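These are my notes from a session of looking things up in one model. I went entry by entry and wrote down what I found.

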Amino acid sequence: MSDNVRPESMKRINTPELAEAFINEQVEAIKKQVGDRKVLLALSGGVDSSVVAALLIKAIGKQLTCVHVNHGLLRKGEPEQVIRVFRDQMDANLIYVDAVDRFLDKLAGVSDPEQKRKIIGKEFIDVFAEEAKKLDGIEFLAQGTIYPDILESDGVKAHHNVGGLPEDLDFELVEPVKLLYKDEVRVVGKTLGLPDNMVYRQPFPGPGLGVRCVGAITRDRLESLREADAIVREEIGKLDETPWQYFAVIPDMQSTGIKDGKRYMGWAVVIRAINTVDAVTAESVVLPWDTLRTIRDRVIAEVPGVNRVLWDMSDKPVSTIEWE
Ligand code: XMP
């Protein structure tokens, strides 16, 4: 049987005890595979790569080097959290690469969504490969592949994420969670002590806020999106029942506002909140008026350049969840 097939006898990991057993098993397997050699991991701060990082740190400590590439398209506070959790709390070998200018310069003036995704994907691989080449003696590459990635090689993630490394980086793979479903990865992450907002993170596109800053990305509009998104997530996150996915979008359009008796042009922020089972179809969530009003007031008061707040009440189909 291929080692990419989940054995029927494998129990669904849904308790801390089962997670603990899985962790012990994988720690032994990683130690056996890697020995005293070195491993590299691209650590985005998403659930899958974070859980793989935590497992490897437990198994081989400083033989793991994590590279966190900040492409400027992460959500508010995310790069800081990666540094706090992995460098400060877990004492990992973490290389933080501030590639913000590099990405935003390459993206300047590019409005076609596919082109934007391609640039972000290629630049990511280039930055990661450059970092890898600076390091001596790496023999393994760890990856946060999970079972749905194997099952649905044409699924949402595979379709959206630009992957693969240049061929001259010839590493053996370490993929400790490749037979797990997402909910199991979360239980393992929780048992490994990762913070809830990392373990229960909403799905987030690989190209990050790049797909939610519609049209050509400018630094000021991107910053406004990041602030507005933090407000939208904070306020909707207070509901007793939170939707499956909720975030802000900033379209590439301006409309008229009025301030101190003078008309001016400003951006619009769009609130998106959906429920879904598999992201193939999705239903717009009816948000309470109080929540909408608080978001509107906070976005207008706190986010520079924004003079209008809209609510996207479209279902999928015919609207996709993301705008690009
Ligand atoms: P759409 O916009 O196609 O999105 O309705 C479906 C789901 O996929 C997420 N999404 C991505 N997930 N990498 C990912 O892992 C990506 O590049 C990507 N783009 C979209 C989206 O957030 C939604 O949950």
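**Domain interface.** I began with the area buried between domain 1 and domain 2, which comes to about 1100 Å². Carbon and sulfur atoms give 54% of that area. The model is a predicted one, and I read each value below with that in mind.

I then looked up the bounds: the domain assignment gives domain 1 as 16-199 and domain 2 as 212-312. For the separation I took the C-alpha centres of the two domains, which lie 29 Å apart. On the contact list I found 13 residues of domain 1 against 12 residues of domain 2.

**Second largest pocket.** My next question was which domains supply the lining of the second largest pocket. I found at least three lining residues from each of domain 1 and domain 2. The space in this pocket is about 400 Å³. I noted 16 lining residues, with Glu-78, Gln-81, Asn-197, Arg-201 and Arg-233 nearest the centre.

By element, α3 (78-89), α9 (196-199) and α10 (219-236) each contribute at least two residues to the lining. By class, I wrote down 8 charged, 5 polar and 3 nonpolar residues for this pocket.

**Ser-224.** I stayed with helix α10, where Ser-224 lies. Is Ser-224 buried or exposed? Its relative accessible area is 3%, so I entered Ser-224 as buried, the cut-off being under 20%. I set aside the neighbours within four places in sequence and listed the remaining contacts of Ser-224: Ile-250, Trp-267, Val-303, Pro-304 and Val-306.

**Backbone angles.** Before this entry I reminded myself that most residues other than glycine have a negative phi, and that most peptide bonds are trans. I looked for departures from both.

Asp-91 has a positive phi of about 55° and is not a glycine. I located Asp-91 in the loop between α3 and β3 (93-98). With a relative accessible area of 49%, Asp-91 is partly exposed.

Asp-260 also went on the page, with a positive phi near 50° in a residue other than glycine. I placed Asp-260 in the loop between β7 (254-259) and β8 (262-275). The relative accessible area of Asp-260 is 77%, and I entered this residue as exposed.

**Cis peptide bonds.** Where does Pro-317 sit? I found Pro-317 in the segment after β10 (306-312). The peptide bond from Lys-316 to Pro-317 is cis, and I noted an omega near -15°. The bond that follows, from Pro-317 to Val-318, is cis as well, with omega near 20°. Val-318 is likewise in the segment after β10.

**Glu-8.** My last entry concerns the segment before α1 (16-34), where I found Glu-8. Glu-8 is exposed, at a relative accessible area of 85%. I also took one distance: the C-alpha atoms of Glu-8 and Gln-26 are separated by 18 Å. Along the chain, Glu-8 and Gln-26 are 18 residues apart.

Notes. Residues are numbered from 1 along each chain as its sequence is written. This is a predicted model: local features need pLDDT of at least 70, side-chain atom pairs count only at pLDDT 80 or more; totals for chains, interfaces and linings use all residues. Side-chain values use heavy atoms; hydrogens and water are left out. On a 1 Å grid over the protein atoms alone, a cavity is a set of points where a 1.4 Å probe fits but cannot get out, and a pocket is an open set with protein on both sides within 12 Å along at least five of seven lines; lining residues have an atom within 4 Å of a point. Grid points are joined across faces, edges and corners, and a volume is the space filled by probe spheres set on the points. Helices (H or I, at least four residues) and strands (E, at least two) are DSSP runs, numbered from the N terminus. Ala, Val, Leu, Ile, Met, Phe, Trp, Tyr, Cys and Pro count as nonpolar, Asp, Glu, Lys and Arg as charged, and the others, Gly among them, as polar. Domain bounds come from an automatic or database domain assignment. Buried means under 20% relative accessible area, exposed over 50%, partly exposed in between (1.4 Å probe, protein chains only). Contact means heavy atoms within 4.5 Å. Buried area is the accessible area (1.4 Å probe) that two parts lose on being put together, summed over both.
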